[in-house]
Amino acid sequence: MTLSERQNLIGLTRIEMQSFFASLGVREFHARQVLQWIYQRGINNFSQMTDLSKTFRDQLQQLAQVSVPETLTVRESSDGTRKWLLRLEDDNCIETVFIPEEDRGTLCVSAQVGCSLNCTFCATARQGFSRNLTTAEIIGQLLAVKNDLQAFGYGDRPITNVVMMGMGEPLLNYDAVVAALHLMLDDLSFGMSRRRVTLSTAGVVPAMERLALDCPVSLAVSLHATNNDLRDELVPLNRKYPIETLLQACHRYVAGENKRHITFEYVMLKGINDSKGEAQTLARLLSGLPAKVNLIPFNKSPGIEYECSDQSTIDTFREVLLSSGLMTVTRRTRGKDIEAACGQLAGRFADRTRRRWKFEQAIAPC
Ligand code: SAH
C-alpha cells in the first residue's frame with residue numbers, strides 16, 4: 001500500500017478511530033491509547049507506541065499513517081506572536097497564528113484554503129477560494145504548532161485556547177470543522193473546555209442552528225455594521241442572512257445556556273461604520289442578548305482602500321457601548337509586523353474561482 005493510500009489517523013474522531021480499528025479486527029479500546037500517543041505525547045511513529053502489541057504496531061505501519069501538515073516557515077513578531085506557513089499534501093499552503101499572553105496561549109486556526117465570502121476589508125478574500133480543509137488539516141494545525149512550540153522550549157500544553165478565526169468561513173466547512181472541534185474537546189486528545197474554543201462566523205445562520213446542537217463551543221459573530229445596507233456591502237453574506245435573522249439565531253444559540261455569551265466582532269473602519277450614532281444603534285441591537293463586543297482596529301493590507309478609525313473615535317465608540325452596559329474591549333492588534341493580524345492571513349494557493357489569477361501568477365509556488 002502506498003503512503004497516500006494509508007489511512008491518516010489524524011483527524012479521525014474517537015468514534016471513527018474505533019470503527020477503523022474494528023474494521024482491522026482490533027479491539028476498539030486501543031483507540032484510547034493511540035489518541036493519547038498522537039495528541040498528548042506527540043508521537044507520530046507507531047514503533048514508539050510501546051503499549052500496543054507488536055503485531056498491531058506492524059499492522060498500523062502497513063495500513064495507517066500519522067500525517068501532520070509540514071511547517072515551511074515560522075515568523076516571529078516583535079510582540080511574540082508567531083505565524084506558521086504550513087504546506088498541505090496538495091502543495092496548498094495555509095497560515096496559523098499563535099498568540100502568547102501571560103495567562104494563555106491562543107492559536108488562531110484556519111478552516112479553508114482561502115475564503116469565498118468576499119468581505120471587502122479582508123485580505124483572505126482578495127485571494128479567492130481554493131477548497132475546504134479536511135479535519136486532519138484543521139486539527140493538524142494544532143499538532144504542528146504544538147510540536148514546534150515544544151521544540152522551542154514551551155511547556156507541555158502551550159495551546160490553551162483556540163479561535164477558529166484564521167482563513168476561511170468555518171461554518172461553510174461544517175462537517176470537517178465539527179469533527180475537529182470534537183477532537184479539540186476530547187479528553188483523550190486536546191481536552192479543552194468549550195469555553196476555550198471559539199468559532200467565529202460571518203453568520204451562516206442554518207449552520208449556527210446545527211452547531212448549537214452538535215458542538216456548542218463559544219461563538220463569535222462578525223457583525224461589522226448596524227444596518228443591512230452597509231452590511232450587505234461589507235459582508236456580502238448579509239444579503240442571504242440579514243442582521244435581524246442573524247441576531248435571532250444568536251438568541252437561539254445561547255437560549256437555555258447559563259453564563260453563555262456571544263462575542264460580536266466589529267472592525268473599526270474610518271468614516272464607514274464608526275460614528276457615535278452607530279455605536280448607539282449597536283447597543284440597541286444587542287440589548288437583551290448576553291453579548292460582548294470586540295472592537296477590532298482595521299488592519300491594512302495592500303489593495304484594500306479602507307483606513308482604520310482614529311484612536312479617539314474607537315475610544316468614543318467603546319464608551320457609548322460601555323455606558324449602555326455592554327461589555328466591550330478593543331482588541332489589541334498582535335503580529336501586525338508579520339502580517340499575522342486579523343484579516344491579514346493569506347497563505348499561498350491557487351484560486352479555483354480564478355478571480356485573482358493575475359495575483360496568483362505573480363507569487364512563487366511554495
Ligand atoms: N469567516 C469567519 C472567520 C474569520 S475571523 C468570520 O468572518 O468570522 C477573522 C475576523 O477578523 C473576522 O471578524 C473578520 O471580519 C475580521 N477581519 C477581517 N479582515 C480584517 C482586517 N483587515 N482588519 C481587522 N479585522 C479583520
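**Group meeting: a walk through the model**

Let me start at a single residue, asparagine 118, which sits in the loop that runs between β7 (112-114) and α4 (123-126). Before I go further, please keep in mind that what we are looking at is a predicted model. In that model the phi angle of asparagine 118 comes out near 65°, a positive value in a residue that is not glycine, and its relative accessibility of 34% is the reason it counts as partly exposed. As background, most residues other than glycine have a negative phi.

There is another such residue, histidine 224, with a phi near 70°, again positive and again not in a glycine. Histidine 224 is found in the loop between β11 and α8 (228-234); is this residue buried or exposed? At 5% relative accessibility histidine 224 counts as buried, because the cut-off for that class is under 20%.

From that loop we can step back into the sheet. Ten strands, in the order β3-β4-β5-β6-β9-β10-β11-β12-β13-β14, make up an open sheet with mixed pairing. At its edges are β3 (70-76) and β14 (327-330), each of which pairs on one side only, and the twist from one strand to the next averages 20°. Within the sheet, strand β11 (residues 218-222) pairs with strand β12 (residues 262-268) in the parallel sense, over 4 bridges, and valine 221 stands opposite phenylalanine 264 of β12. Helix α9 (residues 243-254) packs on the sheet, where it touches both β11 and β12, and its direction makes about 145° with that of β12.

Let me turn to the nonpolar core. The largest one has 118 residues, and those with the most contacts inside it are Met184 and Leu211. Helix α6 (residues 174-185) supplies the largest share, 9 residues. Where does this core lie with respect to domain 1 (3-65) and domain 2 (70-363)? Both domains give residues to the core, so it lies between them. To take one of its residues more closely, methionine 184, once neighbours within four places in sequence are set aside, is in contact with residues including Ile138, Leu142, Phe190 and Val197. In general, nonpolar side chains of soluble globular proteins tend to be buried together.

Finally, the charged pairs, of which I will take three from the 15 salt bridges found across the whole structure. In one of them, glutamate 70 meets arginine 87, with the closest N and O atoms 3.0 Å apart. Because glutamate 70 lies in strand β3 and arginine 87 in strand β4 (residues 82-87), this pair ties together parts that are 17 residues apart in sequence. Both partners count as partly exposed, glutamate 70 at 43% relative accessibility and arginine 87 at 23%. Salt bridges with shared partners also join Glu70, Arg87 and Asp91 into one network.

Strand β4 also carries lysine 83, whose side chain meets that of glutamate 95 in a salt bridge at 3.3 Å, N to O. Since glutamate 95 belongs to strand β5 (residues 93-101), this pair ties together parts that are 12 residues apart, and here lysine 83 and glutamate 95 are both buried.

My last pair is glutamate 209 with arginine 252, whose closest N and O atoms are 2.5 Å apart. Glutamate 209 belongs to helix α7 (residues 205-214) and arginine 252 to helix α9, so to speak of distant parts of the chain is fair, as the two are 43 residues apart. Glutamate 209, at 29% relative accessibility, counts as partly exposed, and so does arginine 252 at 44%.

How values were computed: Residues numbered from 1 in each chain as written. Predicted model: local features only at pLDDT ≥ 70, side-chain atom pairs only at ≥ 80, totals over all residues. Heavy atoms only, no water. Core = buried A, V, L, I, M, F, W, Y, C linked by side-chain atoms within 4.5 Å. Buried < 20%, exposed > 50% of the residue type's maximum accessible area, 1.4 Å probe, protein only. Domains from an automatic or database assignment. Contact = heavy atoms within 4.5 Å. Pairing = 2+ DSSP bridges. Axes fitted to C-alpha atoms, helices over the stretch in contact; angles between N-to-C directions. Salt bridge = Lys/Arg side-chain N within 4 Å of Asp/Glu carboxyl O.
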